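Q: I have the predicted model open and would like to understand the labels people put on it. Please take me through them one at a time, and tell me how each is earned.

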Amino acid sequence: MKPVYYILISIFILTIIGCSKSQDGILSKKNSNTDISKYFKLSKNRDCTLSKRIGYIDKVYFESMKQGEDSIALRSLSYKVLLHKKNKESDSVLLYAHKMLSLAQKTDNHIQIGRAYFKIAEYYRNKNKNDSAYYFLNESKNIFIELKDSVQVGKKLNIMGRILIDDSDYFSGETTLIEALEYLEPKIDSVSLINVYFNLSIALRKQLNYKQALEKINKAIKLNKSTKSGAILINTKALTLRERKEYRKAIKLYDSLSKSKSVIENKKEYARVIDNLAYTQWLSNNFLNVEDKLLEAIDIRKTENDIKGLIASNSHLMKYYSKKNELKAIKHANELYKLTAEQNNIDDKLEALSYLRNLSNISVSKIYSDLYIEIKDSLTKARDIAKNKYAAIRFDSSKKEEENLELKAKNAEKDLKSIKDNNQKLALAILLIITSSIGIFINYRRKQQTKIARIEERHKTNNRLSKKLHDEVGNDLYYLLLQLQKVSGFTSDQENLKILKGFDTVYHKLRDFSRDHKIETGEEYGDELLSLLDSYGDENTKVITSELETSFWTEVAPLKKEELYWVLKELLTNMKKHSQATIVAVTFAKEKKKITVNYIDNGIGTNLKKTISKNGLRNVEIRIKDIGGTITFDSKPEEGFKANIVFTP
């Protein structure tokens, strides 16, 4: 026998011995570290059954806990959760994920705390308990924000955005996904970035914004390098084109996919493509006979036990037969209803009921109608509750952060008191520091009062100028306009008519100028600000903003409200003139007793060194500085434009 055969037989025997070795007994103290390493390797041996691999990782966990090796214990718990997940032992997944969280919190291991939260979120996501999944994802995200791990923050925001989309909160989902884009870069994690663009395209398509949905899916396709993912992305693009009723383009994409080797070799994907191709062809021409392809797709999906695919096939066949064979249409509507009930797929269930009530006789139709109304009402209430839950999670998270900061401040006060009691010299030094701080504060206060006086003077000057223009120049123009109209035969002359129109235009511009300087800073300030943002949106540019409570602006000083209004107007004007942006997001938040305003657009960007002094951004900096705030800009050519404003109320 050749030596190579001896080697192969030896490896085979060692593998069998490794996987059949007794798991009973306790690890010896003498070789405990060696045994931990050995059992860790055995737990990763894919030739063993999952149950045996779980047994090996249990040995690692118990021995590392006995020795006080917390970091090894956490690693073993993390891997143990993964093995239980693969073995479809969901109860064990949740149990050991919580044990992992408890140990990580006890040892103050923030990375593992973040990972444990994510594992718990995955469990609830798989159980379709989206509100619980969202809560733990938010907790995980907050941990990774503290750790400044932008990739992990972006990943968590992506899943949170998808959850909101799945629960039909498309606008909030879109906003969350736009936030995720801030944390992800193609060079670091292109896969997650592709996922964000993919989910954004779904959110936009659900809001019937097909143009931007196609832009986002095209970005995902451009970044993608995976053949498998590519088929899904192109299928999504074709679906968007189909909903936009661009059937010819959609059919072309589906047809190319149906001939792709990677699609043909994947039965589930092939069934999806030929089903969508046939259905789209029928939508483009209801007289086409596509029955064979639709039936071929549903047969493959039955063989593969593809439940989601079967829901889609039955939906398509139900619609196809509704115009050709009512009995077959009712059959597939019933199948669709049954599948959606099992999967708790409410939207498709309502679609099935809608067809059943239309296709059935009067007595049966009433039953379906009543059931449809009942489910529809329940769905609306459930989605409203879900939206409130997600909003509450976000609010509680912000509140918890504020409470943590207050607790840290109180602890700092206790430490300071203890130092004062035990060290008189240090107390004297602190007293000197406090005295100096008071002096600095008084000086700062004076500067602030000077700034406020300067702002007030600027506003008075603006108002005085606008009033003077309106009362004096405007009235004089209006008087001249009336005098010109009295001149005999004047209105018949074409050139003089132009002069009249010119006078009228100038008069209205002056009147509008005077009105522009009157900003409502009371209870209606929020509405005035929203009106400003809305006025810059059109069919080419979508302006997105966050929803705020009425009391959000209550504590903000009127002068600061007015300055912020002009700053945002300047930013939006620059956007309109220079950026060519299609999406603008302006968000407001209260953090650490400060107002934070974030402005983001996806325009062509700019070179900040050349731009700030030229297009009004210098005025923006001066206004924010005058109200004691800070503004930072971030932009590069072709990479959009960002501005971050922070000031105290």
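A: Happy to! Let's begin in the sheet, where V586 stands opposite Y599 in β3.

Q: How do you know that β2 pairs with strand β3 (residues 594–601)?
A: Two strands count as paired when there are at least two bridges between them. Eight bridges join β2 to β3, and the strands run antiparallel, so by that cut-off they are paired.

Q: What lies between β2 and β3, and which residue in the turn has a positive phi?
A: The two strands form a hairpin with two residues between them. In the turn, K592 has a positive phi of about 50°.

Q: In which sense do β1 and strand β2 (residues 583–591) pair, and over how many bridges?
A: That pairing is parallel, over four bridges. With at least two bridges required, β1 and β2 therefore qualify as a pair. You can find the partners yourself: I544 has A585 in β2 as its bridge partner, and V543 stands opposite V584, also in β2. The chain gets from β1 to β2 by way of α24, and this β-α-β crossover is left-handed.

Q: How many aromatic pairs does the structure hold?
A: There are 15. One of them is formed by Y124 and F136.

Q: What makes the pair of Y124 and F136 stacked?
A: Two values decide it. The centres are 5.8 Å apart, and the cut-off for a pair is 6.5 Å, so the two rings count as one. The planes are 5° apart; because anything under 30 degrees is called stacked, this pair earns that word.

Q: Which parts does the pair of Y124 and F136 tie together?
A: Y124 belongs to helix α6 and F136 to helix α7 (residues 130–146), so the contact links parts 12 residues apart in sequence.

Q: Are Y124 and F136 buried or exposed?
A: The cut-off for buried is under 20% relative accessible area. Y124 has 15%, so it is buried. F136, at 13%, is therefore buried as well.

Q: Why is the pair of Y525 and W553 called edge-to-face?
A: With 80° between the planes and 5.2 Å from centre to centre, the pair is edge-to-face because its angle is over 60 degrees. Y525 sits in helix α23 (residues 525–535) and W553 in the loop between β1 (542–545) and α24 (558–579), so this pair bridges parts that are 28 residues apart in sequence. Set against the 20% limit, Y525 at 0% counts as buried, and so does W553 at 6%.

Q: Which residues form one aromatic cluster?
A: Y117, Y123, Y124, Y135 and F136 do.

Q: How do you know that a charge sits over the ring of Y39?
A: The charged end must be within 6 Å of the ring centre and within 35 degrees of the ring normal. K38 has its charged end over the ring, 5.0 Å from the centre. K59 also lies over the face of Y39, at 5.4 Å.

Q: Why is R205 called buried?
A: R205 has a relative accessible area of 7%, which is under 20%, so the label fits. This residue is in helix α10 (residues 186–206). Beyond its neighbours within four places in sequence, R205 is in contact with Y210, A213, L239, T240 and E243.

Q: What makes α17 largely enclosed by the rest of the structure?
A: Of the 15 residues in α17, 12 are buried, so the description follows. Among them are G309, L310, N314, H316 and K319. What covers the buried residues includes α12 (227–243), α15 (267–284), α16 (291–304), α18 (326–343) and α19 (346–359).

Q: What span does helix α5 (residues 90–106) reach, and what is expected?
A: This helix has 17 residues and reaches 24 Å from its first C-alpha to its last, close to the 24 Å expected at 1.5 Å a residue. Its buried residues include V93, Y96, M100 and L103, and their cover includes α3 (50–67), α4 (70–86) and α6 (110–126). Just after α5, D108 takes a positive phi of about 60°.

Q: How many helices and strands does the protein have?
A: It has 26 helices and five strands. Of the 649 residues, 40% count as buried.

Note on methods. Residues are numbered from 1 along each chain as its sequence is written. This is a predicted model: local features need pLDDT of at least 70, side-chain atom pairs count only at pLDDT 80 or more; totals for chains, interfaces and linings use all residues. Side-chain values use heavy atoms; hydrogens and water are left out. The expected span of a helix is 1.5 Å times one less than its number of residues. Buried means under 20% relative accessible area, exposed over 50%, partly exposed in between (1.4 Å probe, protein chains only). Contact means heavy atoms within 4.5 Å. Rings of Phe, Tyr and Trp (its six-membered ring) pair if their centres lie within 6.5 Å; planes under 30 degrees apart count as stacked, over 60 as edge-to-face and the rest as tilted. A crossover is right-handed if, with the strands pointing away from the viewer, the path from the first strand over the helix to the second runs clockwise.
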